[in-house]
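Dear colleague,

Please find below the structure that I am handing over to you, together with its sequence. My findings follow directly after it.

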Amino acid sequence: MTSHPGGRDQGGSAPQPEPLVCARCGTTADGPRPTWTCSVENGIRQYFCDTCSRENLRAIEGRLDSAWW
């Protein structure tokens with residue numbers, strides 16, 4: 001069986017995920033952080049740490065469509 005060109009079966013180990021960095025304060029996460037907030041703004045995925053998310057909760061929720069609340 002062969003793989004399609006550009007496929008993921010290139011051999012070797014899987015690439016290491018890039019560490020999460022808070023887009024607001026610059027805090028870095030050592031590993032997965034399920035409590036961080038993810039936002040897609042202008043087509044770019046941004047992550048926000050727990051502290052920044054809590055401090056800006058009203059602004060974050062204010063952008064949601066009424067169907068979400």
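I begin with the largest pocket, whose lining comprises 6 nonpolar, 4 polar and 3 charged residues. Please note that the model is a predicted one. In total, 13 residues line this pocket, and those nearest its centre are Ser39, Glu41, Phe48, Ile60 and Arg63. Three elements each give two or more residues to the lining: strand β1, helix α1 (50–55) and helix α2 (57–62). Of the elements, β1 gives the most, with 4 residues. The space in the largest pocket comes to about 230 Å³. As to how such spaces are found, rolling a probe the size of a water molecule over the atoms shows where empty space is left.

Overall architecture

The protein contains 2 helices and 2 strands, and their order along the sequence is β-β-α-α. It has 69 residues, of which 13% count as buried. About 6,400 Å² of the protein is exposed, and 51% of that area is supplied by carbon and sulfur atoms. Among the contacts with a separation of 6 or more, 30% are between residues 24 or more positions apart.

The hairpin

How do β1 and β2 run relative to each other, parallel or antiparallel? The two strands are antiparallel, and 5 bridges join them. Two of the facing positions may help you to find your way: Ser39 is opposite Gln46 in β2, and Val40 is opposite Arg45 in β2. As a general point on strands, the side chains of a regular strand alternate between the two faces of the sheet.

The turn of the hairpin has 2 residues between the strands. Asn42 lies in this loop, between β1 (37–41) and β2. Although Asn42 is not a glycine, its phi is positive, at about 55°. Asn42 counts as exposed because its relative accessibility is 81%, and the cut-off for exposed is over 50%.

Residues along β2

Arg45 belongs to strand β2, which covers residues 44–48. Its relative accessibility of 55% is over the 50% cut-off, so Arg45 counts as exposed. Leaving aside residues up to four places away in sequence, Arg45 touches Cys38, Ser39 and Val40. Val40 in that list is also the residue that stands opposite Arg45. From Arg45 to Ala23, the C-alpha to C-alpha distance is 9.6 Å, with their positions 22 residues apart in sequence taken as the separation.

Tyr47 is also placed in strand β2. Is Tyr47 buried, partly exposed or exposed? Tyr47 is partly exposed, because its relative accessible area of 25% lies between the 20% and 50% cut-offs. Beyond residues up to four places away in sequence, Tyr47 touches Leu20, Val21, Cys22, Ala23, Trp36, Thr37 and Cys38. Tyr47 and Gly26 are 21 residues apart in sequence, and their C-alpha atoms are 9.9 Å apart in space.

From β2 towards α1

Cys49 sits in the loop between β2 and α1. The relative accessible area of Cys49 is 6%, which is under the 20% cut-off, and Cys49 is therefore buried. Which residues does Cys49 touch, not counting residues up to four places away in sequence? They are Cys22, Cys25 and Trp36. One of these, Cys25, is 24 residues from Cys49 along the chain, and the C-alpha atoms of the two are separated by 8.2 Å. Trp36 and Cys22 are also among the residues that Tyr47 touches.

The segment before β1

Pro19 is found in the segment before β1. With a relative accessibility of 56%, over the 50% cut-off, Pro19 counts as exposed. Pro19 and Ala29 are 10 residues apart along the chain, and 6.1 Å separates their C-alpha atoms.

To recapitulate, the points to look at are the pocket to which β1 gives 4 lining residues, the antiparallel pair of β1 and β2, the positive phi of Asn42 in the hairpin, and the buried Cys49 in the loop that follows β2.

With kind regards

Technical notes
Residues are numbered from 1 along each chain as its sequence is written. This is a predicted model: local features need pLDDT of at least 70, side-chain atom pairs count only at pLDDT 80 or more; totals for chains, interfaces and linings use all residues. Side-chain values use heavy atoms; hydrogens and water are left out. Buried means under 20% relative accessible area, exposed over 50%, partly exposed in between (1.4 Å probe, protein chains only). Contact means heavy atoms within 4.5 Å. Accessible areas come from the Shrake-Rupley method with a 1.4 Å probe; for residues, only the protein chains shown count as cover. On a 1 Å grid over the protein atoms alone, a cavity is a set of points where a 1.4 Å probe fits but cannot get out, and a pocket is an open set with protein on both sides within 12 Å along at least five of seven lines; lining residues have an atom within 4 Å of a point. Grid points are joined across faces, edges and corners, and a volume is the space filled by probe spheres set on the points. Ala, Val, Leu, Ile, Met, Phe, Trp, Tyr, Cys and Pro count as nonpolar, Asp, Glu, Lys and Arg as charged, and the others, Gly among them, as polar. Two strands pair if DSSP finds at least two bridges between them.
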